[in-house]
Amino acid sequence: MSAAKRSPLLSWTVIAPVVGILVLALTWGRDSGAVLVTIAAVALMATVLAAVHHAEVVAHRVGEPYGSLVLAVAVTVIEVALIVTVMASGGHDAETLARDTVFAAVMITTNGIVGIALLVGALKYGTVLFNPEGSGAALATVATLATLGLVLPSFTTSEAGPEYSTSQLVFAALASIVLYGLFVFTQTVRHRDFFLPITESGVVTEETHADPPSGKTALLSLGMLMVALVGVVGLAKVESPAIKAGVDAAGFPASSVGVAIALLVLLPESIAAIRAASRERMQTSINLGYGSAMASIGLTIPAIAIASFFMDGPLLLGLGSTQIVLLGLTLVVSVLTVVPGRATRLQGGVHLVLLAAYLFLAINP
């Protein structure tokens, strides 16, 4: 049977969430051995990828600006579910998991996704082009969200540690939502041309997209998205003790858990950005990178802020000195990359070195 005639019910994106639910039923409430833990981990990764795929299908069907919101909310639900379930398992390091995960997402998107895309595009085409107006606006939003959510808590004085007081946390959460909403409106409605690919002569070109999926396909994806999200939440709960035990056994710091969560959640966006860069659509890659960073901060931190009111222990959001230096350097380098509207393999290499420095210091602080 050809791929064109194959039933959509036989697709791996449909099978993975179902298998994830079956694995969840098999492992829930039990002391799982190494084999079941490994199976659950594989099922969790496959279910996350399937959930993001189905979110993209639904987003394509409903169109902009609602499509971007559907995709961002779905990815945020996955990220928040992973964070909250691991935090709920307790431990003295649980209060920093949200910070570690969000910061990891920022570094992976701004240095990893953008850096790899720049390098891939430049190696193939010599020089890559993008619109500095839209890219600069996106970077400014990321910088503001990161400062409000991750840097300022280290310097406020209402609380003793690197955390916000209740009123400060509420303000930061509301400001994040407003900024994210304003950016989505700007990108998808008011100034769409700022975020479209640009040619050597400065002409903005519309992106070509495949035809939207049928209503039947979109409904199937919506249903499977719900199934996948249930599987992600449950499997994350099952895997959280094994994740923490594995990190402790390897001698890695607790922040490594946040890095692992961010890498898993951002894998589909990374693949999509690399594909776009290889097709000379660098603007799309930058939109994916900075857009993912914005969603990770602008939606995840408000969601975690709400969840923190129902959980024991403080919510430590403030970065340490090493992390602040890395974030500051990343923003400076990103500005120098974005402003000219063109880049070479050098800029890609610089961003990837910054990512490597972050990952090395996350494991060996």
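These legends go with a set of close-up views of a predicted model.

**View 1. The whole protein chain, to get your bearings.**
Start with the overall parts list: the protein chain has 12 helices and two strands. If you walk along the sequence, the order reads α-α-α-α-β-α-α-α-α-α-α-α-β-α. The chain has 365 residues, and 47% of them are buried. Take the contacts between residues at least 6 apart in sequence: 82% of these join residues at least 24 apart.

**View 2. The largest nonpolar core and one of its hubs, I78.**
This view goes inside, to the largest nonpolar core, which has 85 residues. Which residues have the most contacts inside this core? They are I78, L82, M282, Y290, M294, L327 and Y358. Helix α4, covering residues 97–125, gives the most to the core, with 12 residues. Now zoom in on I78 and set aside anything up to four places away in sequence: I78 touches V48, A51, V52, L229, V232 and V265. As a bit of background, nonpolar side chains tend to be buried together in soluble globular proteins.

**View 3. Helix α1 at P17.**
Here we look at P17, which sits in helix α1 (residues 12–27). Is P17 buried or exposed? With a relative accessibility of 0%, P17 counts as buried. Leaving out neighbours within four places in sequence, P17 is in contact with W12, T47, A50, M224, V227 and A228. Another residue to find here is L49: it lies 32 residues from P17 along the chain, and their C-alpha atoms are separated by 9.5 Å.

**View 4. H54 in helix α2.**
Next up is H54, a residue of helix α2 (residues 34–62). H54 has a relative accessible area of 2%, so it is buried. What does H54 touch, once residues up to four places away in sequence are not counted? The list is T13, V14, S221, M224 and L225. You may recognise M224, which is also in contact with P17.

**View 5. V86 in helix α3 and its partner S240.**
V86 belongs to helix α3, which covers residues 66–88. Its relative accessibility is 6%, so V86 counts as buried. How far apart are V86 and S240 in space, C-alpha to C-alpha? The distance is 5.1 Å, although 154 residues separate the two in sequence. S240 is one of the residues that V86 touches, along with L97, K244 and V257, not counting residues up to four places away in sequence.

**View 6. Helices α4 and α8, side by side.**
Two helices share this view: α4 and helix α8, the latter made of residues 255–278. Their axes are 8 Å apart, and the helices pack at an angle of about 25 degrees. Angles under 35 degrees count as roughly parallel, and α4 and α8 are therefore roughly parallel to each other. Their contact has 18 nonpolar, seven polar and three charged residues. As for handedness, α4 and α8 make a right-handed crossing.

**View 7. E280 in the loop after α8.**
The loop between α8 and α9 (282–298) is home to E280. What is unusual to look for in most residues other than glycine is a positive phi, since most of them have a negative one. For E280, phi is near 65 degrees, a positive value in a residue other than glycine. E280 has 51% relative accessibility, so it counts as exposed.

**View 8. T141 in helix α5.**
T141 has its place in helix α5 (residues 132–151). Its relative accessible area is 12%, so T141 is buried. Apart from residues up to four places away in sequence, T141 touches L179, F183 and M294. M294 is also among the residues with the most contacts inside the largest nonpolar core.

**View 9. Helix α10, mostly covered.**
Helix α10 runs over residues 300–308, and seven of its nine residues are buried. These are T300, I301, P302, I304, A305, A307 and S308.

**View 10. Helices α11 and α12, running opposite ways.**
The last view pairs helix α11 (residues 321–338) with helix α12 (residues 345–363). Their axes come within 11 Å and cross at roughly 170 degrees, which makes α11 roughly antiparallel to α12. On the α11 side, the contact is made by T322, L326, L329, T330, V333, S334 and T337. From α12 come Q347, V350, H351, L354, A357, Y358 and L361. By class, that contact has eight nonpolar, six polar and no charged residues.

How values were computed:
Residues are numbered from 1 along each chain as its sequence is written. This is a predicted model: local features need pLDDT of at least 70, side-chain atom pairs count only at pLDDT 80 or more; totals for chains, interfaces and linings use all residues. Side-chain values use heavy atoms; hydrogens and water are left out. Buried means under 20% relative accessible area, exposed over 50%, partly exposed in between (1.4 Å probe, protein chains only). Helices (H or I, at least four residues) and strands (E, at least two) are DSSP runs, numbered from the N terminus. Contact means heavy atoms within 4.5 Å. A nonpolar core is a set of buried Ala, Val, Leu, Ile, Met, Phe, Trp, Tyr and Cys residues joined through side-chain atoms within 4.5 Å. Axes are lines fitted to C-alpha atoms, for helices over the stretch in contact, and angles run from 0 to 180 degrees between N-to-C directions. Angles under 35 degrees count as roughly parallel, over 145 as roughly antiparallel, 65 to 115 as roughly perpendicular and the rest as oblique. A crossing is left-handed if the near helix is turned anticlockwise from the far one by less than a right angle, and right-handed if clockwise. Ala, Val, Leu, Ile, Met, Phe, Trp, Tyr, Cys and Pro count as nonpolar, Asp, Glu, Lys and Arg as charged, and the others, Gly among them, as polar.
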